[in-house]
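Biologist: I have the sequence and the coordinates open side by side, and I'd like to walk through them with you. Could we take it one piece at a time?

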Amino acid sequence: MTIGFVMLLNRQGKVRLTKWYDPFTQKERKKAVREIGNKVLGRPDRMCNFIDWKEYTVVYKRYASLYFVFGVDRDTNELITLESIHKFVLTLDRYFENVCELDIIYGFDQAYFILDEFLMAGEIQETSIKTMLKHIYDQNMLEKGEQQR
């Protein structure tokens with residue numbers, strides 16, 4: 001499963017987090033966010049969570065006020081991608097203790113740490129929530145140690 005990009009969008013279409021694993025220029029990124037955001041936000045809730053967009057299959061899931069969007073290769077199993085989105089949300093939820101949009105906004109660095117522990121170069125790196133959180137807590141302790149010096 002190769003992931004080309006990850007986006008978190010709110011219901012108004014504002015980007016809360018993006019990570020690009022495939023090469024996109026800045027102009028292409030803005031266009032992709034606009035096009036994908038319009039497609040995802042414009043779909044009724046009863047429709048499936050898969051959209052074909054260029055050479056990607058866009059898989060998304062809405063949790064509360066956020067849309068978690070993964071752009072994957074066309075040959076990737078969409079249901080596994082939905083499970084990956086769910087695993088990422090569970091990890092965020094456990095770290096932030098009932099994650100919400102404000103947690104992503106004000107704790108964006110922690111959200112990126114969690115995403116980086118979960119995915120590396122567009123591939124799933126770690127599936128254990130416990131292990132991911134241990135690494136994040138260790139990183140937090142290192143940062144606090146450096147700030148005290």
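Modeller: Gladly, and please keep in mind that this is a predicted model. One place to begin is Asp138, which has 37% relative accessibility and therefore counts as partly exposed.

Biologist: Which residue does Asp138 form a salt bridge with?

Modeller: The partner is Lys134, and the closest N and O atoms of the two are 3.0 Å apart. Both residues belong to helix H5, and because they are four residues apart there, about one helical turn separates them.

Biologist: Why would four places apart suit a pair like that?

Modeller: An α-helix has 3.6 residues a turn, so residues three or four places apart point the same way. Side chains of opposite charge can pair when their charged atoms come close.

Biologist: How many salt bridges does the count come to?

Modeller: The count comes to five salt bridges. Among them is the one between Asp116 and Lys19, where the closest N and O atoms lie 3.1 Å apart. That pair links distant parts of the chain, since Asp116 sits in helix H4 and Lys19 in strand E2, 97 residues apart.

Biologist: Buried or exposed, how do those two come out?

Modeller: Asp116 is partly exposed, with a relative accessible area of 33%, and Lys19 also counts as partly exposed, at 23% relative accessibility.

Biologist: And what does Arg74 form a salt bridge with?

Modeller: Arg74 pairs with Asp52, and their closest N and O atoms are 3.2 Å apart. Arg74 lies in the loop between E5 and H2 while Asp52 lies in strand E3, so this salt bridge ties together parts that are 22 residues apart in sequence. Arg74 counts as partly exposed at 41% relative accessibility, and Asp52 is partly exposed as well, with a relative accessible area of 49%.

Biologist: Let's move to the sheet. In what order do the strands come?

Modeller: Five strands form an open sheet in the order E2-E1-E5-E4-E3, with antiparallel pairing. Strands E2 (15-20) and E3 (50-53) stand at the edges, and because each has a single partner strand, one side of each is left without a neighbour in the sheet. On average, neighbouring strands of this sheet are turned by 20° against each other, with direction ignored.

Biologist: What packs on the sheet?

Modeller: Helix H4 (residues 108-118) does, touching E1 and E2, and its direction makes about 35° with that of E2. Helix H1 (residues 26-42) lies across E1, E2, E3, E4 and E5, and runs at about 145° to E3.

Biologist: How many of the residues of E5 are buried?

Modeller: Seven of the eight residues of strand E5 (residues 66-73) are buried, so this strand is largely enclosed by the rest of the structure. E5 is joined to strand E1 (residues 3-10) by seven bridges and to strand E4 (residues 56-63) by eight, and the strands run antiparallel in the E4 pairing, as they do in the E1 pairing.

Biologist: Which residues of E5 have a residue standing opposite, so I can find them?

Modeller: You could look at Phe68, which has Leu8 opposite, at Val69, which faces Tyr60, and at Val72, which has Thr57 opposite. E4 and E5 also form a hairpin with two residues between them, and Ala64 in that turn has a positive phi of about 55°.

Biologist: Now H2. How far does that helix reach?

Modeller: Helix H2 (residues 78-96) has 19 residues and reaches 27 Å from its first C-alpha to its last, close to the 27 Å expected at 1.5 Å a residue. Asn77 caps its N-terminal end, with a side-chain oxygen 2.9 Å from the backbone nitrogen of Leu79. Just after H2, Glu97 takes a positive phi of about 55°.

Biologist: Is Leu79 itself buried or exposed?

Modeller: Leu79 counts as exposed, because its relative accessibility is 56%. The buried residues of H2 include Leu82, Phe88 and Tyr95.

Biologist: What does the side chain of Tyr95 make a polar contact with?

Modeller: The side chain of Asn140 makes that contact, at 2.9 Å. Asn140 lies in helix H5 (residues 129-148) and counts as buried, at 14% relative accessibility. Leaving aside neighbours within four places in sequence, Asn140 is in contact with Tyr95 and Gln110.

Note on methods: Residues numbered from 1 in each chain as written. Predicted model: local features only at pLDDT ≥ 70, side-chain atom pairs only at ≥ 80, totals over all residues. Heavy atoms only, no water. Expected span 1.5 Å × (residues − 1). Buried < 20%, exposed > 50% of the residue type's maximum accessible area, 1.4 Å probe, protein only. Polar contact = N/O pair within 3.5 Å; in protein donor to acceptor, adjacent residues only side chain to side chain. Contact = heavy atoms within 4.5 Å. Pairing = 2+ DSSP bridges. Axes fitted to C-alpha atoms, helices over the stretch in contact; angles between N-to-C directions. Salt bridge = Lys/Arg side-chain N within 4 Å of Asp/Glu carboxyl O.
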